[in-house]
Amino acid sequence: MKKRKFMRTLCAVTAFVFAFATAGTTLAEEASEEDGAAILYDRTTLHDGYDSTPLDDDILDELLNAAFSAPTGGNQRSIEFFTVTDRETLDAIAEVPGFFTGVASAPLAIIICGNEDTAKYPELEEMDSGLAAMAMIVQATDLGLSSCVMSISPQEERIDGISEQLGLTENFLPILLVTFGYPSVDAETSASVDNYDASQVHVNGLEEDYERETETEAELAEGDSYTASAQGISSPVSVTIVLSDGEIVDCSIDASGETADIGGAAAETIQAQIIESGSLEFDAVSGATITSDAIAAALDEIAAEAGLE
């Protein structure tokens with residue numbers, strides 16, 4: 001069971017990276033290289049602010065056809081799609097603990113589930129779900145729609161909440177939820193061309209003498225430093241506290257692996273709170289519960305190591 005959960009988490013982290021390449025290949029067959037690249041960078045994410053007008057059935061069919069066009073591990077084709085357009089059900093899903101606020105205004109949500117009764121390789125279903133989600137997101141961009149993908153598995157409260165709302169039997173594991181709709185507000189692209197980071201690209205392996213000088217190490221104030229980390233929603237969150245004469249003089253939180261405008265923004269807010277107050281106590285950031293909990297866990301470890309109350 002632990003191995004399976006580990007594989008699901010690993011697949012979820014890598015699925016979207018692989019999906020970008022797959023989606024780009026499909027588009028290149030139907031459009032010029034320039035057009036194929038543009039559609040990836042034109043992608044827009046809306047966490048809220050959809051035009052709630054129902055989408056035509058033809059649009060839903062195009063999104064699902066895109067999902068079924070995506071590759072699957074071992075060609076197992078075991079993931080299934082639950083489409084939700086009923087306003088009452090969408091509103092109920094929006095109340096499920098977790099980051100589902102956008103469902104309250106979106107006219108369409110598609111929940112991607114693994115069917116454990118038909119899966120030949122259950123450990124690959126999260127990868128399959130990521131590929132299908134990215135294919136639908138690319139298709140949505142071509143249709144002028146905005147979208148937002150949200151994780152369900154492995155968060156137990158989300159799995160239970162979605163399963164209850166959809167009446168899922170035990171063989172179905174809800175993995176991802178994707179909202180779609182036309183934006184009622186100006187939506188900025190979330191596929192920024194500025195995200196490229198050469199330090200995260202390794203050619204033919206990892207060099208033995210590779211050492212990344214982090215901003216934390218380069219800029220921390222003088223004093224005794226303590227570092228701890230805990231698992232966030234998609235990556236470890238690292239916290240460093242610097243003490244001088246038992247007082248907190250600096251704090252640095254690295255949540256670069258989290259979603260920039262959710263977990264990353266929450267980390268910046270909490271970091272500022274700690275520096276300003278000189279205390280390890282902070283107010284959790286709404287909408288970023290998992291990242292906030294990871295920071296709290298890391299601070300508890302630091303407090304124990306440093307002998308702080």
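**Buried, touching, confident: how the terms apply**

Q: Why is T44 called buried in this predicted model?
A: The relative accessible area of T44 is 12%. Buried means under 20%, exposed over 50% and partly exposed in between (1.4 Å probe, protein chains only). T44 is therefore buried, since 12% is under 20%.

Residues are numbered from 1 along each chain as its sequence is written. In this predicted model local features need pLDDT of at least 70, side-chain atom pairs count only at pLDDT 80 or more, totals for chains, interfaces and linings use all residues, and side-chain values use heavy atoms, with hydrogens and water left out.

Q: What makes the pair T44 and S146 a polar contact?
A: Their side chains are joined at 2.7 Å. A polar contact is a pair of N or O atoms within 3.5 Å, where within protein one must be able to donate a hydrogen and the other to accept it, and residues adjacent in sequence count only if both atoms are side-chain atoms. The value of 2.7 Å falls within 3.5 Å, so the pair qualifies. T44 itself sits in the loop between helix 2 (33-41) and helix 3 (57-69).

Q: How many helices and strands does the protein have?
A: There are nine helices and seven strands. The names rest on DSSP runs numbered from the N terminus: H or I over at least four residues for helices, E over at least two for strands.

Q: What share of the protein counts as buried?
A: Of its 309 residues, 42% count as buried. The exposed surface is about 16900 Å², with carbon and sulfur atoms supplying 47% of it; these areas come from the Shrake-Rupley method with a 1.4 Å probe, and for residues only the protein chains shown count as cover.

Q: Which residues have the most contacts inside the largest nonpolar core?
A: They are F81, L177 and F180, in a core of 47 residues. A nonpolar core is a set of buried Ala, Val, Leu, Ile, Met, Phe, Trp, Tyr and Cys residues joined through side-chain atoms within 4.5 Å. Another core lies apart from this one and has 22 residues, among them I241, C251, I270 and F282.

Q: Which residues does F81 touch?
A: A contact means heavy atoms within 4.5 Å. Leaving out residues up to four places away in sequence, F81 touches L64, A67, F68, I110, I111, I112, A132 and M136.

Q: Why is C113 counted as buried or exposed?
A: C113 has 0% relative accessibility, so it is buried. C251 is buried as well, because its relative accessible area is 2%.

Q: How many disulfides does a search of the whole structure find?
A: The search finds zero. A disulfide is a pair of cysteine sulfur atoms within 2.5 Å, so no pair of cysteine sulfur atoms meets that limit here.

Q: Why is E126 called buried or exposed?
A: E126 is at 3% relative accessibility and therefore counts as buried. It lies in helix 5 (residues 125-142). E126 and C113 are 13 residues apart along the chain, and their C-alpha atoms are separated by 8.8 Å.

Q: Why does L168 count as buried or exposed?
A: L168 has 14% relative accessibility, so it counts as buried. It is placed in the loop between helix 6 and strand 4. Beyond residues up to four places away in sequence, L168 touches F82, C113, S163 and P174. Its C-alpha is 9.6 Å from that of C113, across 55 residues in sequence.

Q: Which residues of helix 6 are buried?
A: In helix 6 (residues 156-166) they are R158, I159, G161, I162 and S163. They pack against helix 4 (87-94), strand 2 (108-115), strand 3 (146-151), strand 4 (172-181) and helix 9 (289-306).

Q: Why is N204 called buried or exposed?
A: N204 is at 81% relative accessibility and so counts as exposed. Its place is in the loop between strand 4 and helix 7 (215-219). Phi of N204 is near 60°, a positive value in a residue other than glycine.

Q: Which residues does a cis peptide bond join?
A: The bond joins S153 and P154, with omega about 10°. P154 is in the loop between strand 3 and helix 6.

Q: What is the mean pLDDT of the protein?
A: The mean is 80, and 78% of the residues reach 70 or more; pLDDT is the predictor's confidence in each residue, from 0 to 100. Over residues 189-193 pLDDT stays under 50, and the model has 11 contacts for them beyond four places in sequence. Residues 209-221 are also below 50, with 16 contacts in the model beyond near neighbours in sequence.
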